[in-house]
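Biologist: I would like a close look at one part of this model, the largest nonpolar core. Which residues have the most contacts inside it?

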Amino acid sequence: MPDAPGLELIRGEIERDHPGSVLATSFDREQPALVVDSEQILAVLAWLRDTPGQHYTFLSSLHVADYLPATPRFAVHYELLNRDRVERIRVKAMLADPAAEQGAPGTGVLPEIDSCVSLFPTANFQEREAFDFFGIVFVGHPDLTRILLPEDYVGWPQRRDFPIGGEPVTFTYNEHNYG
Amino acid sequence: MLRGDLEGEDLERYVEERVVTTTFEKLQNWARSNSIFPLTFGLACCAIEAPISVVTARYDLARFGAEALRASPRQADMIILSGRVSIKMAPVVRRLYDQMLEPKWAVSMGACSSSGGMFSNYAVVQGADKFMPIDLHIPGCPPRPEAVLYGFTKLQRKIQGSPDQGWRQRYNAAGTEEWARGGPASRPSPEAAEAYEKARELSRA
């Protein structure tokens, strides 16, 4: 792992090549993470993959978190790995919820970010899964369809404002409530 | 015995002692209940208990005549839903059930397939009897193999036309039938209606 000063060095070098791309860094629990501007995510990922001395060539995971009620609401996490040095670095692209920004939640406008399939082919299925559960649109993805849920499913079930579902069960003690 | 060995009253008594008369229907159901062909089919963790453990030598479903698991629904006449049924799996399960030839029986095994169990969420069907007819529910999480065998003997009795009913009388529970409770039982609860409305709003969005 890069340590905290090493992370700041990486940040400085990225900032030199792509000004304004890195918004913040974090070194929580010995895990280096770059918080980046979602507009420049491809540039940052390509830089980390191709720059001599970095070579984070392996995308070990891509996933999304919903931080509701925080803003920006979503973050796409890229877990990168350098397989020679066995070093990991996390890239977090913060994504605002366009539906909430326009003052009309529930209008169905989905957050968008560039697809990184061109850089890491393994992202293909993982981006489809992220789209499936969170409704994040990966622009430039070759086939952005649902992968785990049924094709005709409506909604983005892993979002925090999605109703949990299920139904109350009638037992004798609550029969008068639900009967 | 050869013809002529017994005559007259001796022959009458011999026949009375040795021949049982029954209806063909009863004989047929007796044969069916003792030669069930379960479908080799597992959904989740309950599958370890039901189709797998139960047919091993320790529990031995062969004692009840159901040891021949079939790999095709066309040859099977009992399906055990052993685990939670997700909304994506439900059409597949229903199709398997439809492919089975009559007469056929369906057993819902464990809490998940009977009621959704602990998976009260967006992905799991809350009870398999929402999409196919179920003959028998076995409670448990998961049910012990003994419970599965007990349930299986209950199913056999049902096939033979004498299901073990009357538990409402035994437990003084007359009037708890869903049809007897009337009105509200046939309507969704306020919580379910509310969740449904929310989901509708999301889907419109």
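Modeller: A nonpolar core is a set of buried Ala, Val, Leu, Ile, Met, Phe, Trp, Tyr and Cys residues joined through C-beta atoms within 7 Å. Buried means 20 or more other C-beta atoms within 10 Å of a residue's own, exposed means 12 or fewer, partly exposed is in between, and C-beta atoms are placed from the backbone. This is a predicted model: local features need pLDDT (the predictor's confidence in each residue, from 0 to 100) of at least 70, side-chain atom pairs count only at 80 or more, and totals for chains, interfaces and linings use all residues. Residues are numbered from 1 along each chain as its sequence is written, while chains are lettered from A and ligands numbered from 1 in the order written.

Now the core itself. The largest one has 33 residues, and A:Val76, A:Val91, A:Ala130 and A:Ile136 have the most contacts inside it. The elements that give it two or more residues are α1 (4-17), β2 (31-37), α2 (41-50), β3 (58-66), β4 (74-82), β5 (87-95) and α4 (123-134) of chain A. These elements are DSSP runs numbered from the N terminus, helices being H or I of at least four residues and strands E of at least two. The most comes from α4(A), which gives 5 residues. Such grouping fits a general tendency. In soluble globular proteins, nonpolar side chains tend to be buried together.

Take A:Val91. Beyond its neighbours within four places in sequence, A:Val91 is in contact (C-beta atoms within 7 Å) with A:Leu34, A:Val36, A:Val44, A:Leu45, A:Tyr78 and A:Leu80. Another core lies apart from this one. That second core has 31 residues, including B:Ile80, B:Val107, B:Val148 and B:Phe152.

Next, the chain around the core. Chain A has 5 helices and 7 strands. From the N terminus, the elements of chain A run α-β-β-α-β-β-β-α-β-α-β-α. Chain A has 179 residues, and 26% of them count as buried. Look at contacts in chain A between residues at least 6 apart in sequence: 46% of these join residues at least 24 apart.

Then the sheet. In chain A, 5 strands form an open sheet in the order β1-β2-β5-β4-β3, with mixed pairing. Two strands pair if DSSP finds at least two bridges between them. The edges are β1(A) and β3(A), each with a single partner strand, so one side of each has no neighbour in the sheet. From one strand to the next, the twist averages 20°. Axes here are lines fitted to C-alpha atoms, for helices over the stretch in contact, and angles run from 0 to 180 degrees between N-to-C directions.

At one edge, β3(A) and β4(A) pair in the antiparallel sense over 8 bridges. There, A:Asp66 has A:Phe74 in β4(A) as its bridge partner. Two helices pack on the sheet. Helix α2(A) touches β2, β4 and β5 of chain A, and its direction makes about 175° with that of β5(A). Helix α4(A) touches β3 and β4 of chain A, and its direction makes about 5° with that of β3(A).

At the other edge, β1 (residues 22-28) of chain A joins β2(A) through 6 bridges, and the two run antiparallel. A:Asp28 has A:Gln31 in β2(A) as its bridge partner. The hairpin of β1(A) and β2(A) has 2 residues between its strands, and A:Arg29 takes a positive phi near 55° there.

Back to α4(A). Its buried residues are A:Ala123, A:Gln126, A:Glu127, A:Arg128, A:Ala130, A:Phe131, A:Phe133 and A:Phe134. They pack against β3, β4 and β7 (137-139) of chain A. Helix α4(A) has 12 residues and reaches 16 Å from its first C-alpha to its last, close to the 16 Å expected at 1.5 Å a residue. That expected span is 1.5 Å times one less than the number of residues. Just after the helix, A:Gly135 takes a positive phi of about 70°.

One more residue meets α4(A). A:Leu149 is found in the loop between β7 and α5 (175-178) of chain A. A:Leu149 counts as partly exposed because 19 C-beta neighbours lie inside 10 Å. Leaving aside neighbours within four places in sequence, A:Leu149 is in contact with A:Asp132 and B:Lys88. A:Leu149 and A:Asp132 are 17 residues apart along the chain, and their C-alpha atoms are separated by 7.0 Å.

As for overall confidence, the model scores ipTM 0.70 and pTM 0.72.
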